[in-house]
Amino acid sequence: MLLAPSILAADLADLKAALGVCERAGADLVHVDVMDGHFVPNLTFGIPVVRDLARATELPLDVHLMVTRPERLLEEYLEAGASWVTVHWEAATHLDRMAAAIRQFGAKAGVALNPATPIEVLTDILPSLDYVVLMSVNPGFAGQPFLPYVVDKARRLRERIEDRSLHVSISMDGGVDATNIAQVVAAGVDICVAGSAIFGAESPEDAARELRARAEGTAE
Ligand code: DX5
Ligand code: ZN
């Protein structure tokens, strides 16, 4: 399992400290939530922040674009240093073109589905993707409660990926914490995004290690 702490839940006045937590906690990716105030009500990071984060850490940046018309700035995000780029199915008119552009740049291409969007919309594009992000909250804010019905979506998606012998990862994003991460991983999720469960803890490093232990079934 890859662990991707979402720095949206960290102290945004001290992003360097948030990167330090990710590095010390053995995170695999740094999840960066880009929100445009249109696709989702909230407004967060943009290209200049992604560029500086990429300069400040060796960890790959997993950039989650919660924006309308993601094709407009896709190349800029890639040039800024995004190693993984997620666009929302609900916001993408030319998904195949975007996935191809991301891969051509040498980055990993992912598509996110809002909780209510069925996995069937990805049937045809699945072989062209590196990963699918299943949103387990309605995107827009950190710290929202996990929507349990998304676990079954993950199970069905994993089955379809296996049935077709594809190499596509599944990421789950939103409300993932120590109480649900074991069932999330058991459903076939191999990338776990966690914001509040890590940065809301007294010791974010310990919280990240505990999440991994629970995911791997080695927690005490
Ligand atoms: C939600 C974001 C998530 C969120 C995760 O719109 O995409 O990445 O920040 O934070 P938690 O784990 O607190 O739900
Ligand atoms: Zn996210």
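Modeller: One cut-off before we start: a residue counts as buried under 20% relative accessible area, as exposed over 50%, and as partly exposed in between. Keep in mind that this is a predicted model.

Colleague: Fine. Then why is T44 called partly exposed?

Modeller: Its relative accessible area is 25%, and a value between 20% and 50% falls in the middle class, so partly exposed it is. T44 sits in the loop between β2 and α2. Leaving aside neighbours within four places in sequence, T44 is in contact with L8, D33, V34 and M35. V34 is ten residues from T44 in sequence, with the two C-alphas 5.7 Å apart.

Colleague: D33 also turns up at the metal, doesn't it? What makes D33 a donor of the zinc ion (ligand 2)?

Modeller: Distance. The protein donors are H31 through NE2, D33 through OD, H64 through ND1 and D173 through OD, and they lie 2.1 to 2.3 Å from the zinc ion (ligand 2). The limit for a donor atom here is 2.8 Å, so they qualify.

Colleague: And why is the site of the zinc ion (ligand 2) called octahedral?

Modeller: There are six donor atoms, with angles of 72 to 173° among them. With six donors, the label asks for opposite ones over 155 degrees apart and the others between 65 and 115. The low end, 72°, clears 65, and the high end, 173°, clears 155, so those two values agree with the octahedral call.

Colleague: How do you know that the pair H31 and D173 links distant parts of the chain?

Modeller: Count along the sequence. The donor residues are spaced H-x1-D-x30-H-x108-D. H31 is in strand β2 (residues 30-35) and D173 in strand β7 (residues 169-173), 142 residues apart. Both H31 and D173 are buried, by the way.

Colleague: Let's stay around D173. Why does V133 count as buried?

Modeller: V133 has 2% relative accessibility, which is under the 20% limit, so buried is the label. V133 is in strand β6 (residues 131-135). Beyond four places in sequence, V133 contacts T86, V111, A112, L113, S171 and D173. M172 is 39 residues from V133 in sequence, and their C-alphas are 5.7 Å apart.

Colleague: Now an arginine. Why does R158 count as buried?

Modeller: Relative accessibility again: 15% for R158, and that is under 20%, so the residue is buried. R158 belongs to helix α5 (residues 150-163). Not counting residues up to four places away, R158 touches V168, S169, I170, A187, G188 and D190.

Colleague: On to helices. What makes α1 oblique to α2?

Modeller: The axes of α1 (residues 15-24) and α2 (residues 47-56) come within 11 Å and cross at roughly 45°. That makes the pair oblique, because 45° is not under 35, not over 145, and not in the 65 to 115 range for roughly perpendicular. The crossing is right-handed. On the α1 side L15, K16, L19 and E23 meet V49, L53 and A56 of α2.

Colleague: Which residues of α1 are buried, and what do they pack against?

Modeller: L15, A18, L19, G20, V21 and C22 are the buried ones. The buried residues of α1 pack against β1 (2-5), β2, α2, α7 (196-199) and α8 (204-215).

Colleague: Why is G20 called buried?

Modeller: G20 has a relative accessible area of 12%, which is under 20%, so buried. G20 is in helix α1, and its C-alpha is 9.6 Å from that of A56, 36 residues along the chain. After α1 comes another glycine, G26, with a positive phi near 75°.

Colleague: Positive phi without glycine, then. What makes R69 and S165 worth a look?

Modeller: Most residues other than glycine have a negative phi. Phi of R69 is positive, near 45°, and S165, also not a glycine, has about 50°. R69 is in the loop between β3 (61-66) and α3 (74-80), S165 in the loop between α5 and β7.

Colleague: And which class of exposure do R69 and S165 get?

Modeller: R69, at 49%, is not over 50%, so partly exposed. S165, at 58%, is over 50%, so exposed.

Methods: Residues numbered from 1 in each chain as written. Chains lettered and ligands numbered in written order. Predicted model: local features only at pLDDT ≥ 70, side-chain atom pairs only at ≥ 80, totals over all residues. Heavy atoms only, no water. Donors = N, O, S within 2.8 Å, 3.2 Å for Na, K, Ca; no water. Tetrahedral: all angles 85-135°; square planar, octahedral: opposite > 155°, others 65-115°. Helix = DSSP H or I, 4+ residues; strand = E, 2+ residues; numbered from the N terminus. Buried < 20%, exposed > 50% of the residue type's maximum accessible area, 1.4 Å probe, protein only. Contact = heavy atoms within 4.5 Å. Axes fitted to C-alpha atoms, helices over the stretch in contact; angles between N-to-C directions. Left-handed = near helix turned anticlockwise from the far one by under 90°.
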